[in-house]
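Trainee: Please take a close look at one helix in this model. Then tell me how its surroundings fit in.

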Amino acid sequence: MAAQARHLTLPLRPVHARGPDRTLGGLRARRTLRMWRLARGGRQLTVAAVVAASASGSPGGWGWYGWLAQTAPVHWAEGGLVALQAAAGLPWWAAIVCGGAALRTAVTLPLAAHQSRLLAKLENLQPEIKKLSERLRYEVSVRGKQLGWSDNVARFHFKKNLRRIITELYIRDNCHPFKATLLVWVQIPMWVFVSLALRNCSVGALNSEVQEQFSTGGTLWFTDLTAPDSTWILPVSLGLLNLLIVEIFASQKMEISRFQKLATNFFRVLSVVMIPVAATVPSSMALYWLSSSFMGLSHNLLLRSPTFRRLCCIPRTKSDSDTPYRDIVSALTTRYGFKK
């Protein structure tokens, strides 16, 4: 062991002719030596120490995770949370819930309405696309017989012209499917940045004063927002709420593609996986995730309302219902056999 220690310390000795070893190998050797000294002295790296190292953005932290936790959007989220709590005078648990609700309502609800408008236009285009597709197939068949095309050549011209026709229809109605993904590109980064901001506040990466406020800023059974929820009430509630959102989406009266079925099953699995994840993070993060999912469910139900859809100028489609909430309950009870 002594020989190993001498071997580890060799790269760390300054060489006056070349200066200190600042290469990647030298940095790794210094980290290895520190870990060896800790192990030899009987000291152990606790989880809190690792999280604190990650929060400080040190080279020996969690790499990209520690770097992401110190980016500008995360700091903006931290400042927004602190400003909201100070201005409203709310306890921290209420500030987290209200902040999450405000973000979902001000940012993601308009985007969700825009997405619903685009999806309604796409759904209304399907009969026209089907009709044009049948006509194009006939014209390509006639043209192919005149020019002696093979089946592969005829199929190539059919697909090429059909893509052109569909693109022209998307441009005409301003409803390209990629525009419907805007909600995802905004919602996921926002969720990540706010989650990391709450994590920084919980581990003291912002400042110790905020961490102390978080330690007593909870309520009910989760009075300490810096500690995970040992009762698992928040994590299990989060998982059940996310599963309910997925099942409500799956209960829509419309044709579902194979990709949509795969995506639905993926989100079912993800909802279950999030339960143990939420049980290992600070309660502040689990509370934000739960409140965000609750607002997502509320907005999902609101966008089913015929009155709200008319208010948002969402075109009426064949799959729309005058009694959407009754249909949701009926679909869920039929799917899971709740009826006697």
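Mentor: One definition before we start. By relative accessible area, a residue under 20% is buried, one over 50% is exposed, and partly exposed lies in between. Keep in mind that this is a predicted model.

First, the setting. The chain has 14 helices and 0 strands. Read from the N terminus, every element in the run is therefore an α. Of the 340 residues in the chain, 34% are buried.

The part to look at is helix α6, residues 92-147. Helix α6 is not straight. A bend of about 40° sits at T108. A proline, P110, follows within four residues of that point. At the other end, G148 comes after α6. The phi of G148 is positive, near 70°.

Now walk along α6 itself. A112 belongs to this helix. Its relative accessibility is 11%; the buried cut-off is under 20%, so A112 counts as buried. What lies across from A112? L182 is one partner to check: the two C-alpha atoms are separated by 9.0 Å. Along the chain, A112 and L182 are 70 residues apart.

I129 is also in α6. With a relative accessible area of 11%, I129 is buried. Its C-alpha atom is 8.8 Å from that of L162. I129 and L162 are 33 residues apart along the chain.

Next, charge. Side chains of opposite charge can pair when their charged atoms come close. The count here comes to 7 salt bridges. One set of residues, E128, R172 and D173, is linked in a network of such bridges. Within that network, R172 pairs with D173, and the closest N and O atoms are 2.9 Å apart. R172 is partly exposed, at 48% relative accessible area. D173 is partly exposed as well, at 25%.

Stay with helix α7, residues 151-173, where K159 has its place. K159 has a relative accessible area of 46%; that is not over 50%, so K159 is partly exposed rather than exposed. With R155, K160 and R163, K159 forms a positive surface patch.

For contrast, look further along the chain. Helix α11, residues 258-278, holds V269. V269 is exposed, with 52% relative accessible area. V269 helps make a nonpolar surface patch of about 510 Å². The other members of this patch are F266, F267, L270, V273 and V277.

Two more salt bridges belong to the later part of the chain. R309 bridges to D320, with the closest N and O atoms 3.7 Å apart. R309 lies in helix α13 (residues 306-311) and D320 in the loop between α13 and α14 (324-336), so the pair ties together parts that are 11 residues apart in sequence. R309 is buried, at 14% relative accessible area. The other bridge joins D322 and R316, where the closest N and O atoms are 3.0 Å apart. Both D322 and R316 are exposed.

Back to α6, then. Trace it from the bend at T108 to buried A112, on to buried I129, and finish at G148, which follows the helix.

Key:
Residues are numbered from 1 along each chain as its sequence is written. This is a predicted model: local features need pLDDT of at least 70, side-chain atom pairs count only at pLDDT 80 or more; totals for chains, interfaces and linings use all residues. Side-chain values use heavy atoms; hydrogens and water are left out. Patches are made of residues with over 30% relative accessible area and no salt bridge: like charges are joined within 9 Å, nonpolar side chains (Val, Leu, Ile, Met, Phe, Trp, Tyr) within 5 Å. Accessible areas come from the Shrake-Rupley method with a 1.4 Å probe; for residues, only the protein chains shown count as cover. A salt bridge is a side-chain nitrogen of Lys or Arg within 4 Å of a carboxyl oxygen of Asp or Glu. Helices (H or I, at least four residues) and strands (E, at least two) are DSSP runs, numbered from the N terminus. Buried means under 20% relative accessible area, exposed over 50%, partly exposed in between (1.4 Å probe, protein chains only). The bend at a residue is the angle between axes fitted to the seven residues ending there and the seven starting there. Lys and Arg count as positive and Asp and Glu as negative; His and the chain ends are not counted. The place of a charge is taken as NZ of Lys, CZ of Arg, CG of Asp or CD of Glu.
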